[in-house]
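Trainee: I am new to this structure and would like to be led through it by questions, from the whole chain down to a single residue.

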Amino acid sequence: MSEETFNIDKNKTFSTWYDTILEKADLVDLRYDVKGFVIYKPWMMIPLREIARLFEVALEEKGHRPVLFPTVIPEKNLRKEKEHVKGFEPEVFWVTHGGKKKLEEKLALRPTSETAIYPMFRYWIQGYSDLPIKIYQNCSVFRFDTKATRALIRAREFHWIEAHDAFATEEEARKQVEEDMEITKKVLYEKLGIPFLFFERPPWDKFKGAVSTFAADALMPDGKVIQLPSTHLLGQNFAKVFNIRYLKKDGSYGYVYQTCYGPAYSRIFAALISIHGDNNGLIFPFEIAPIQVIIVPIFYNKKEFEIVVRKCEMIRDMLVRNGIRAEIDLTEKTPGAKYYFWEMKGVPIRIEIGTKEVEEHSCIVFRRDLRTRDKIDDSQLLASIKMIASDILENLRNRAEKFLQENIREVSDLAALKRVIEEKGGFVKILFCMREECADKIKEVCSAEVRGKILGSKDKVEGNCAVCGKKAREVVYVAKAY
Ligand SMILES: [Zn+2]
């Protein structure tokens with residue numbers, strides 16, 4: 001990319017924007033030649049690792065401990081929970097051979113790890129003092145998704161963290177679901193600036209084998225929603241199937257209550273770049289940016305070069321010493337080409353240094369989100385960068401929150417629902433009877449889904465279902481989803 005600028009209208013042509021930025025910013029390589037499997041390159045891998053780390057830290061703060069289970073699950077374990085296997089079987093990749101020898105028992109590449117982990121809980125949990133168990137693993141899972149794949153959004157291998165917990169009481173399990181929601185808010189909203197709505201999914205859309213499912217939906221620029229972390233109350237369903245019992249204080253045996261939580265950080269990354277990016281390319285929040293500060297030297301001859309680069313190195317070393325990922329662009333491109341390039345790559349802060357800045361003991365500081373430039377004294381530089389970093393996050397979050405709020409609408413009948421979904425997208429609130437056949441009707445007429453009801457919502461349920469006209473039982477949100 002020379003002087004060429006990245007200039008694609010993100011909101012009008014989101015799909016082009018997305019496909020182009022993945023390639024131009026060198027986030028992934030799609031040439032691996034196995035459908036649904038992609039290579040993550042360093043510019044994606046560094047922020048991805050940071051996102052995963054944010055979740056790991058948040059989980060460990062709440063008492064979770066790391067584990068790593070094998071990638072393969074024996075067929076007999078996968079088949080134990082009837083609902084669960086029905087839900088996942090069409091998507092399982094099977095290992096059938098070891099070398100030339102056919103295996104006696106097929107092995108599934110984990111599509112999710114309940115049936116890998118819970119047979120072991122049976123050994124680990126004997127008495128009440130073994131509870132609670134709170135563990136997580138950071139791994140990849142495999143699903144033979146037959147819908148059209150889209151890099152990072154629908155993939156056949158994706159990367160996530162899955163937490164699995166077991167408790168003595170149902171009350172503790174319910175508290176865990178709330179804790180999972182808090183963790184989601186802490187990472188997604190507070191650290192990454194991604195606003196979302198937390199839904200309780202309708203019964204027909206819950207995780208297979210769960211009592212209930214709660215999930216965070218964020219809004220993409222094209223008006224479709226994307227499911228981010230979900231947390232599931234499993235009740236005693238799996239405990240009964242895998243015989244996970246413990247000896248209670250009173251000498252009797254009881255089954256444990258379980259929950260599981262799965263932030264898929266490769267998908268979160270896709271949502272993050274889509275939501276925060278603009279027509280000039282990516283915008284990374286400071287904390288997770290692969291390069292947080294890029295320094296561009298400006299010079300017109302060899303003598304100037306030496307003076308300017310010396311200052312650039314001093315500034316870079318000072319930033320690196322302070323834990324900031326800073327680099328100097330010493331390529332032979334013009335300053336203008338460098339600006340465009342790093343803007344497209346989403347680097348949150350750029351520092352420009354020429355002979356004037358050397359003389360004046362100052363720097364020009366550019367912030368990517370607002371595309372504004374300010375002169376800052378060298379003595380104030382570190383403090384300013386820290387301030388700008390948190391201000392960028394706040395600005396990105398506010399911008400995204402405004403977009404989300406502007407795209408929540410309300411209608412009272414199916415025709416209006418169809419019109420709003422087609423013309424505007426976003427979330428549409430309706431009064432609903434909570435019958436699956438009405439949800440099917442919405443799918444058929446609007447190609448949209450009932451995402452569920454919002455927990456603790458103050459919406460009044462007065463009136464009739466927008467689809468069938470029978471008495472409404474809930475206010476639900478409808479949207480087209482990825
Ligand atoms: Zn209805």
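The conversation below goes from overall form to sheets, a helix pair and one residue.

Trainee: How many helices and how many strands does the protein have?
Mentor: Please keep in mind throughout that this is a predicted model. Its secondary structure includes both kinds of element, and the protein has 14 helices and 23 strands.

Trainee: Why can the protein be called as compact as a globular protein of that length?
Mentor: The globule rule gives 23 Å for 482 residues, and this is the value to set beside the one computed for the model. The two are close, so the protein is as compact as a globular protein of that length, its radius of gyration being 25 Å.

Trainee: What percentage of the contacts in the protein with a separation of 6 or more comes from residues 24 or more positions apart?
Mentor: Burial can be stated beforehand, since buried residues make up 43% of the 482 residues. As for the contacts with a separation of 6 or more, the share of residues 24 or more positions apart is 69%.

Trainee: Which strands are the edge strands of the open sheet of five strands?
Mentor: The order in this sheet is β16-β15-β17-β18-β19, and the pairing is mixed. An edge strand pairs on one side only, and this holds for β16 (326–328) and β19 (372–377). On average, neighbouring strands here are turned by 25° against each other, with direction ignored. The edge strands are thus named as β16 and β19.

Trainee: Which residue in β17 is the bridge partner of valine 293?
Mentor: Strand β15 covers residues 293–297 and strand β17 covers residues 349–353, and the two pair in the parallel sense over five bridges. In β17, the partner of valine 293 is isoleucine 349.

Trainee: Which helix touches β15, β17, β18 and β19?
Mentor: One helix to consider is α10 (residues 335–345), which lies across β15 and β17 and runs at about 170° to β15. Another helix, covering residues 381–406, packs on the sheet with a direction that makes about 5° with that of β18 (362–367), and the helix touching those four strands is α12.

Trainee: Which residue in β6 stands opposite valine 95?
Mentor: The open sheet concerned has three strands in the order β4-β6-β5, with antiparallel pairing. Because β4 (72–74) and β5 (94–98) each have a single partner strand, one side of each is left without a neighbour in the sheet. β5 and β6 (residues 101–109) pair over four bridges in the antiparallel sense. Opposite valine 95 stands leucine 107.

Trainee: How many nonpolar and how many charged residues are in the contact of α2 with α6?
Mentor: The axes of α2 (residues 42–61) and α6 (residues 170–191) come within 9 Å and cross at roughly 145°, and the crossing is right-handed. Leu54, Phe55, Ala58 and Leu59 in α2 meet Ile183, Lys186, Val187 and Lys191 in α6. With no polar residues in this contact, the classes are six nonpolar and two charged.

Trainee: Is leucine 54 buried or exposed?
Mentor: Leucine 54 has its place in helix α2, and, not counting residues up to four places away in sequence, leucine 54 touches Val187 and Lys191. A residue is buried if 20 or more other C-beta atoms lie within 10 Å of its own. Leucine 54 has 22 such atoms within 10 Å, so leucine 54 is buried.

Key:
Residues are numbered from 1 along each chain as its sequence is written. This is a predicted model: local features need pLDDT of at least 70, side-chain atom pairs count only at pLDDT 80 or more; totals for chains, interfaces and linings use all residues. The radius of gyration is taken over C-alpha atoms; the globule rule is 2.2 Å times the number of residues to the power 0.38. A residue is buried if 20 or more other C-beta atoms lie within 10 Å of its own, exposed if 12 or fewer, and partly exposed in between; C-beta atoms are placed from the backbone. Two residues are in contact if their C-beta atoms, placed from the backbone, lie within 7 Å. Two strands pair if DSSP finds at least two bridges between them. Axes are lines fitted to C-alpha atoms, for helices over the stretch in contact, and angles run from 0 to 180 degrees between N-to-C directions. A crossing is left-handed if the near helix is turned anticlockwise from the far one by less than a right angle, and right-handed if clockwise. Ala, Val, Leu, Ile, Met, Phe, Trp, Tyr, Cys and Pro count as nonpolar, Asp, Glu, Lys and Arg as charged, and the others, Gly among them, as polar.
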